[in-house]
Amino acid sequence: MTSERNRELVKRAWRSFSTRDKDLIATFFTQDAEWLAPPGNATAVALGGSHHMVGRDAIVCFLTVDFPRMFVADVAVDFRGFYADGDVVVVEETMQATLANGNAYRNDYCFVFELQDGLIHRVREYMDTANGHRMVFDEA
């Protein structure tokens, strides 16, 4: 696939995440897909989950079950860029939401999507982990 097609695929995948439609979201990932976030990130800690999800089913469960338990309302994403080079698509964004604890959440992210045969095979997620911990755990 071309860089442009891969960028469009990641944009469509991203739009699908907000639907919470398990079957739709699953169509964007390989069976053995991985999602890697920084170890000890606030979301993984608060949910008692892993920073390294392995397999399409684990990723879909996070996006449709766990994510809405953590980010309960007003989820908004401001995309600053979608960049593609071959089978790699990089997304820069700021996410805002209301957390389950009532705190406002706002954090910057960078995602690196690695595609394989027209599907997402690996996602590497980067964010300000200290900022996330302050908002999630109400740290001063």
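Visitor: How much space lies in the largest cavity?
Guide: The model is predicted: local features need pLDDT of at least 70, side-chain atom pairs count only at pLDDT 80 or more, and totals for chains, interfaces and linings use all residues. Numbering runs from 1 along each chain as its sequence is written, and side-chain values use heavy atoms, with hydrogens and water left out. A cavity is a set of points, on a 1 Å grid over the protein atoms alone, where a 1.4 Å probe fits but cannot get out. With grid points joined across faces, edges and corners, and volume taken as the space filled by probe spheres set on them, the largest cavity holds about 50 Å³.

Visitor: Which helices and strands each supply at least two residues of the lining of the largest cavity?
Guide: The lining (residues with an atom within 4 Å of a point) includes Asn41, Thr43, Tyr105, Asn107, Tyr109 and Gly132. Helices (H or I, at least four residues) and strands (E, at least two) are DSSP runs numbered from the N terminus. The elements that each give at least two lining residues are helix H3 (42-47), strand E5 (104-116), and, as the last of the set, helix H5 (129-136).

Visitor: Which element supplies the largest share of the lining of the largest pocket?
Guide: A pocket is an open set of points with protein on both sides within 12 Å along at least five of seven lines, and the largest one has about 710 Å³ of space. It is lined by 32 residues, with Phe62, Leu63, Phe67, Phe71 and Met95 nearest its centre. Contributors of at least two residues include H1 (3-17), H4, E4 (88-99) and E6. The largest share, seven residues, comes from E3.

Visitor: Which residue in E2 is the bridge partner of Trp35?
Guide: Strands pair if DSSP finds at least two bridges between them. E1 (residues 29-36) runs parallel to E6 (residues 119-127), joined by four bridges, and there Trp35 stands opposite Val123. E1 also pairs with E2 (residues 52-54), in the antiparallel sense over three bridges. In that strand the partner of Trp35 is Met53.

Visitor: How far apart along the chain are Arg122 and Glu34?
Guide: A salt bridge is a side-chain nitrogen of Lys or Arg within 4 Å of a carboxyl oxygen of Asp or Glu, and the count comes to seven. One of them joins Arg122 to Glu34, with the closest N and O atoms 3.1 Å apart. Arg122 is in strand E6 and Glu34 in strand E1, so the pair links distant parts of the chain, at a separation of 88 residues.

Visitor: Is Glu34 buried or exposed?
Guide: Buried means under 20% relative accessible area, exposed over 50%, and partly exposed in between (1.4 Å probe, protein chains only). Its partner Arg122, at 24%, counts as partly exposed. Because its own relative accessibility is 17%, Glu34 counts as buried.

Visitor: Which residues do salt bridges that share partners join into one network?
Guide: Arg122 also forms a salt bridge with Glu114, at 2.9 Å between the closest N and O atoms. Through shared partners, the network takes in Glu34, Glu114, Arg122 and Arg124.

Visitor: In which helix do Arg69 and Asp66 both lie?
Guide: Their side chains meet in a salt bridge of 2.7 Å, N to O. Arg69 is partly exposed because its relative accessibility is 45%. The two residues are three apart, about one turn of the helix, and both lie in H4 (residues 56-70).
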